[in-house]
Structure formats: structure tokens, C-alpha cells
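Please open the structure in your viewer and keep the selection panel at hand. The tour below proceeds from one selection to the next.

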Amino acid sequence: MADHYEVLGVSRDASPEEIKKAYRRLARELHPDVNPGEDASERFKLVTHAYDVLSDPEQRQRYDMGGDGSPFGGAGGGFGGFGDIFETFFGGGGRAGRPRSRRERGQDALVRVTLDLGDVVFGTHRDIEVDTAVLCETCQGSCCQPGTGEATCDICHGSGQVQRTVRSLLGNVVTSQPCTACQGYGTTIPYPCASCQGQGRVRARRTVSVDIPGGVETGLRLQLPGSGEVGPAGGPNGDLYLEVTVAAHETFSRDGDDLLATLDVSMPDAILGAHTTITSLDGDVELEVRPGVQSGDVLTIKGRGITPLRGGTRGDLRVAVQVVTPTRLDAKERALIEDFAKKTKSPPPRLAQFHQGMFSKLRDRFRG
């Protein structure tokens with residue numbers, strides 16, 4: 001007759017927690033699914049029975065007083081059920097959970113919107129058409145025909161799960177699985193809404209009004225919480241995301257919060273200077289071209305750029321000068337230029353500091 005304390009490897013004054021810990025360790029080592037050997041199987045029976053006796057206060061007291069300690073006596077014969085092992089390892093699992101809820105959060109939606117460069121200077125307002133799921137007006141998300149309601153499932157009696165008992169070598173094993181009659185909801189819908197076929201929502205087009213802030217750029221996504229599609233059975237709405245694309249402009253380009261442009265200046269105006277009016281994205285601007293301006297010089301107009309996305313001072317409008325050299329001259333014009341060259345005694349063409357072309361020069365000046 002094996003001593004239960006020796007089988008579990010604990011002292012006779014071991015606490016219930018120490019007995020349970022010792023059983024867990026040995027059961028993991030000797031369980032037939034892990035260790036199929038005959039010796040392990042016999043030891044597993046002894047370990048399980050020892051735990052059955054010592055884990056019960058009354059049986060342990062009788063055993064300590066000289067009661068039956070044979071491996072097949074005492075606690076009901078056999079070597080315990082798998083339910084005991086499952087409970088020991090997983091905290092008494094196998095209980096049926098709560099039924100599923102028909103109400104679920106709706107999916108997020110993505111809409112792409114194209115803006116003109118002028119729209120991002122100060123921001124703009126858009127009314128956007130969205131094709132998405134909306135709440136069924138007939139049943140208001142109940143999924144049932146008006147005047148009717150859900151019914152408790154006759155199979156699972158509202159639990160959403162059904163239990164099945166399977167006999168095994170280790171005893172009876174109870175498993176739970178979603179009820180196939182109600183799909184785990186615990187209720188059925190005897191009379192589904194005809195408008196939404198019992199979904200609580202329908203497909204429709206709706207208009208979403210959006211204030212798009214200034215400073216947005218291509219690829220930016222704006223999140224509108226709760227503006228996505230409604231969930232099944234009238235569940236909460238998902239979010240709506242707007243993905244922005246800013247169309248190219250024929251005159252202006254963007255560098256951060258600054259606007260860039262190129263100003264063609266005739267050779268006489270470059271020499272003598274001039275005043276001109278240019279049209280920016282938010283109105284006309286007076287611009288002075290100083291005498292002797294060179295190609296690649298940048299004229300900066302403060303505060304005529306783009307409003308930053310997160311607020312702050314507007315960027316600038318930076319205008320690069322490009323002096324236009326005439327290509328066709330009549331005889332009189334040519335004579336005037338030759339006379340001017342003689343009087344100014346302009347030096348002949350010569351090597352100067354190397355530059356990476358006109359475009360690189362403009363880029364460097366813009367960013368400098």
C-alpha cells in the first residue's frame with residue numbers, strides 16, 4: 001500500500017496549496033497523453049488517487065487516522081476524471097460563457113478627396129457622398145419586424161452555447177460550443193425585418209459635411225470618429241477616413257508651408273527695375289523688382305503662403321526671378337544694344353564660379 005504523501009512527494013503537514021502544486025507537477029509529467037508508458041500510467045493512477053484523498057479535508061483526516069489508503073478505495077474508485085485535471089490546470093473551465101451580442105461596431109470607411117492647391121491655403125469645406133451601411137429606419141436596428149421581438153432559443157435556453165459530454169479513458173469530458181440554432185446569440189428572430197433582412201442596417205448613400213483644415217498635403221488621412229458605417233443590429237458606427245490628394249498647380253508649387261513661383265522679367269526691367277502686380281492664391285500682390293536683379297534671385301512676400309496644419313503663422317510666397325533674354329531683334333534694337341555695350345564697356349564672357357545649372361541654382365536659393 002503506497003503512502004499518499006510519499007506518492008506526491010510532500011510532508012504529512014503539507015498545506016493544501018503544496019499538495020495541489022505537487023499534483024500539478026506530477027500530472028504533467030505522467031499524464032498518458034504525455035508519457036504513454038505502462039509504468040507512467042500506473043504512477044499517474046496512484047498520483048491522481050492520492051490527490052483525490054489528500055485534497056479533500058474529510059478524506060485526508062480519515063486517511064491520517066488510519067483509513068483506507070489503497071489506490072482503488074476511498075474516493076469513488078477509478079483514478080479520477082479528466083474534469084478534475086482540467087479544473088486543476090485551467091481553473092474549473094468548461095463553464096458556458098455568455099451569449100454573443102448581435103450589436104457590433106461597424107467597419108471603418110475610407111474616402112479619397114482631391115483638393116486644389118488653393119484649398120489648402122486656408123482650408124475648405126466639403127460635402128462628401130459616402131456609400132455605406134446606415135441604420136434601418138423600419139426596425140431601428142432591432143432586426144425584427146415592427147411589433148415583434150427576439151425569442152429565447154429553445155435549444156440552448158438563452159445561453160448561446162450547448163454542452164456535450166464525451167466519455168473517455170479519463171472519465172466524462174464536458175465541452176461547450178456555440179449553439180448552431182441561434183449562432184451563439186441565445187435568441188432567435190422569428191420575424192426578421194423585411195427591409196434589412198434582419199441585419200438592422202441597410203446600404204445607402206449619405207452626405208458627410210467635412211471642414212478640411214489648411215495645411216493638409218497629399219497622403220494625409222483625416223479621421224472622422226463615428227462617421228463610418230453603422231454596425232450590425234444598430235451597433236456603434238466605425239470611423240471615416242479621408243485620404244487627401246492635392247492636385248498640381250500650373251503656377252505655384254509647395255515647399256512645406258511656403259509657396260514657390262517663377263517670375264519672368266524682361267531684360268530692360270531687370271536693368272532698370274519695375275513694379276508689377278501678381279496674382280497669388282488669395283488675391284493680388286504688389287511686387288517690386290529692384291534694378292539689377294539677376295536670374296535666380298528670390299523675392300519673398302511674407303505671409304502669403306499656406307496656413308500650417310496645426311496653426312501658427314502662414315508661410316511665405318517666394319518668387320524666383322528669371323531674366324528673359326530677347327532672341328529676335330530688329331536692326332534698330334540691335335543697334336541700341338550694341339551702343340549700350342560700347343558705353344558700358346561690358347567685359348567679354350569669362351569663366352566664373354561653377355553652378356549646377358539654373359534649376360539647381362533656383363532650388364538652392366529657394367531653400368537657402
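Select Met-267, Pro-268, Ile-271, Leu-272, Thr-325, Pro-326, Leu-329, Ile-337 and Phe-340, which line the largest pocket. On a 1 Å grid over the protein atoms alone, a pocket is an open set of points where a 1.4 Å probe fits, with protein on both sides within 12 Å along at least five of seven lines; lining residues have an atom within 4 Å of a point. Helix H7 (267-272) and helix H8 (331-344) each give two or more residues to this lining, and H7 gives the most, with 4 residues. Helices here are DSSP runs (H or I, at least four residues), numbered from the N terminus. By class, 8 lining residues are nonpolar, 1 is polar and none is charged. The volume of this pocket is about 230 Å³, that is, the space filled by probe spheres set on the grid points.

The model is predicted: local features need pLDDT of at least 70, side-chain atom pairs count only at pLDDT 80 or more, and totals for chains, interfaces and linings use all residues. Residues are numbered from 1 along each chain as its sequence is written, and side-chain values use heavy atoms, with hydrogens and water left out.

Next, select helix H4 (residues 57-64), where Gln-59, Arg-60 and Tyr-63 are buried (under 20% relative accessible area, 1.4 Å probe, protein chains only). Viewed down the axis of H4, these buried residues fall within an arc of 100° and so line one face of the helix; the arc is taken from the directions from the helix axis to the C-beta atoms. On the face turned away from the buried side, look for Pro-57, Glu-58 and Gln-61, which are exposed (over 50%).

Finally, display helix H1 (4-8), helix H2 (16-30) and helix H3 (38-54), which are among what covers the buried residues of H4.

Key
Ala, Val, Leu, Ile, Met, Phe, Trp, Tyr, Cys and Pro count as nonpolar, Asp, Glu, Lys and Arg as charged, and the others, Gly among them, as polar. Contact means heavy atoms within 4.5 Å.
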